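Student: Got a minute to go through a model with me? I'd like to know what the coordinates say.
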Amino acid sequence: MYQIDNATAATTLPAISNPGKPGFFTDGNPATGQAPTIVPAEFLNTLMLEQCNVAVAAGLTPTKGALNQMAQAIQIMAAPFVMDTGSANAYVTPLPVVVQQRGEGQVIRFKAKTTNTGASTLNDGLGVVPLVGGAHQPLQGGEIVAGGDAWAQWNSSVGASGSYILLECTGGALQVSAATQSGHAISIGQADGRYAQKATTLAGYGITDAATSASPTFTGRVTVPEGTLTAPGIAFANDVALDTGFWHIADGVVGVTCNGVEAARFAQGGMQLAGAPTTPTPAAGNNSTQISNTAFVQTAINNLSASVQTSINGLSASVQTSINGLSASVQTSINGLPPSGMVAYFAMSTPPTGWVLCDGSLLKRSSYPSLFAAIGTTFGAGDGSTTFGVPDLRGEFVRGVDNGRGVDAGRALGSSQSATYLRTAASDTRGSDASGPWAVGTAYANADATTLLPAGAKNADGSAFTPPMEDNGIPVTGSTNENPQGYQFIATRPRNVALLACIKI
């Protein structure tokens, strides 16, 4: 920014014309005869001087070639706000507009990232410079707090080459210079110097001392501060840190603190001790209300141990006897459990747990080792290595194996036997006195005549016999010495009930 300085410029400000009617610039319009606006020198002089005066007001000197002096001037006078990006004691707050030099009185407002712990610096983008307090002294610590809003102002006369002065930081301490008037704020150093050597009695301050009786008597109520764990309301004069005494914890609760650590508390409900309190050891056998300790309890336990051991020894024999008796009973019960291979009939549609159907199925030997060990391949060898068969008792009557008795000789365990068929005596005649049809054993219509046909039944001529579907009577054609006769074979069957045959696995 600069003031016009070419050869045709006037050396003094031309006279300003009287105010006219306010208007706006126009480019003109030939079609309507509207002439373009002529910009007069006084308008340009006004703009130039307005801007130069802003720079001068901010403490800057208008300089030809400096293109940001207006922005710098606004920045100086408007106190820009930025975010601190530095660390404790080294604050970094670059100005929004880059400038060539700091202006006197330039203010920076910033949000502090960290709390300072001592002397600090500030970098505004033009380099690191000291950041001092209101007393023009290095910061001591605590004047800037993390998250606080800080105000700093440039003063080129403070320090060797100028410094930013911390005017304030919200939440932080305020540095003050040495006081010379009675109403001024004073520093801690001044306070220490003024009062460190003063009198330690009331008389030293012109006040009559109170009574010095070793056992003063108070009338009325005496109140003391509430106190805290580390600064009890009632402390002791000879306690170095004054952190041993009593403090009021809450309504009806008083605490005892020793060296700033809670030792006990008293309330209406009783006393509560902290840590590991101790008490004298009562005599052995003492059963009074005296407080016991771990030593007393341990002695009592040791004395009790012998008695308990005797009782345990006596109890052991009794328990062992009961266990022995129970073992025999349990073993007897176990021995009486159904063994693998046992066949039973159930009045249900599916086998119970631990049983499988007697339906001739092939089972895996590895899945049913106990059953396979019991029946082996009696009812089928399966694939000869990994499977075996179970009995197929579906629709069958069970008969005890002869096992050498001679009633049903020649039968092996698990073998099957066809039904016994009888020929009817009514047809067993000679001559022609027997005429049919004969219907012996026709109690069931559409019965199972075909399936009950004796194995290998033949006609009289030796050919295979094919019966008709009738009833339990199976008519056949026989030959007598005189005339062909009709014969009947019948299958007998007792009354029965169908149940589910299963085998124990």
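Tutor: Sure, here is a walk through helices, cores, rings and backbone angles.

Student: What kind of model is this, and how are residues numbered?
Tutor: It's a predicted model, where local features need pLDDT of at least 70, side-chain atom pairs count only at pLDDT 80 or more, and totals for chains, interfaces and linings use all residues. Residues are numbered from 1 along each chain as its sequence is written, and side-chain values use heavy atoms, with hydrogens and water left out.

Student: How many helices and strands are there in the protein chain?
Tutor: The protein chain has five helices and 20 strands. These are DSSP runs, numbered from the N terminus: H or I of at least four residues for helices, E of at least two for strands.

Student: And what share of the residues is buried?
Tutor: Buried residues are 24% of the 505 in the protein chain. Buried means under 20% relative accessible area, exposed over 50%, and partly exposed in between, with a 1.4 Å probe and protein chains only.

Student: What about long-range contacts?
Tutor: Among contacts in the protein chain with a separation of 6 or more, 50% are between residues 24 or more positions apart. A contact means heavy atoms within 4.5 Å.

Student: OK, helix 1. What span should it have?
Tutor: Helix 1 covers residues 41-57, and at 1.5 Å a residue its 17 residues should span 24 Å; the end C-alpha atoms are 24 Å apart, which agrees. The expected span is 1.5 Å times one less than the number of residues.

Student: Which of its residues are buried?
Tutor: Asn45, Met48, Cys52 and Ala55 are the buried residues of helix 1. Seen down the axis, they fall within an arc of 95°, so they line one face of the helix. The arc is taken from the directions from the helix axis to the C-beta atoms. Glu50 and Ala57 are exposed on the other side.

Student: What does the buried face pack against?
Tutor: The buried residues of helix 1 pack against helix 2, residues 69-78. In helix 2, the buried ones are Gln69, Gln72, Ala73, Gln75 and Ile76. They cover an arc of only 160° around the axis, which puts them on the same side of helix 2. Helix 1 and strand 3 are included in what covers them.

Student: What follows each of those helices?
Tutor: Glycine 59 follows helix 1, with a positive phi near 90°. Helix 2 is followed by alanine 79, whose phi is positive too, near 50°.

Student: Where else is phi positive in a residue that is not a glycine?
Tutor: Leucine 242 has a positive phi of about 50°, and asparagine 259 has one near 55°. Most residues other than glycine have a negative phi. Leucine 242 is in the loop between strand 8 (234-235) and strand 9 (245-250), and counts as partly exposed at 45% relative accessibility. Asparagine 259 is in the loop between strand 10 (253-258) and strand 11 (261-267), and is exposed at 56%.

Student: Switching topic: which residues touch the most other members in the largest nonpolar core?
Tutor: Of its 19 residues, those are Ile108, Phe110, Leu122, Leu131, Ile144 and Tyr164. Strand 3 (107-111), strand 5 (128-132), strand 6 (149-155) and strand 7 (163-169) each give two or more residues to this core. A nonpolar core is a set of buried Ala, Val, Leu, Ile, Met, Phe, Trp, Tyr and Cys residues joined through side-chain atoms within 4.5 Å. Apart from it lies another core, of ten residues, among them Val356, Cys358, Ile375 and Leu393.

Student: What does leucine 122 contact?
Tutor: Leaving aside neighbours within four places in sequence, the contacts of leucine 122 include Tyr91, Ile108, Phe110, Leu131 and Tyr164.

Student: How many aromatic pairs does the structure hold?
Tutor: Five. Rings of Phe, Tyr and Trp (its six-membered ring) pair if their centres lie within 6.5 Å; planes under 30 degrees apart count as stacked, over 60 as edge-to-face and the rest as tilted. Phenylalanine 25 and phenylalanine 43 are an edge-to-face pair, 5.2 Å centre to centre with 80° between the planes. Phenylalanine 25 lies in the segment before helix 1 and phenylalanine 43 in helix 1, so the pair ties together parts 18 residues apart in sequence.

Student: Any charges over rings?
Tutor: The charged end of arginine 102 sits over the ring of tryptophan 154, 4.8 Å from its centre. Arginine 109 lies over the face of tryptophan 151, at 5.3 Å from the ring centre. The cut-offs are NZ of Lys or CZ of Arg within 6 Å of the ring centre and within 35 degrees of the ring normal.
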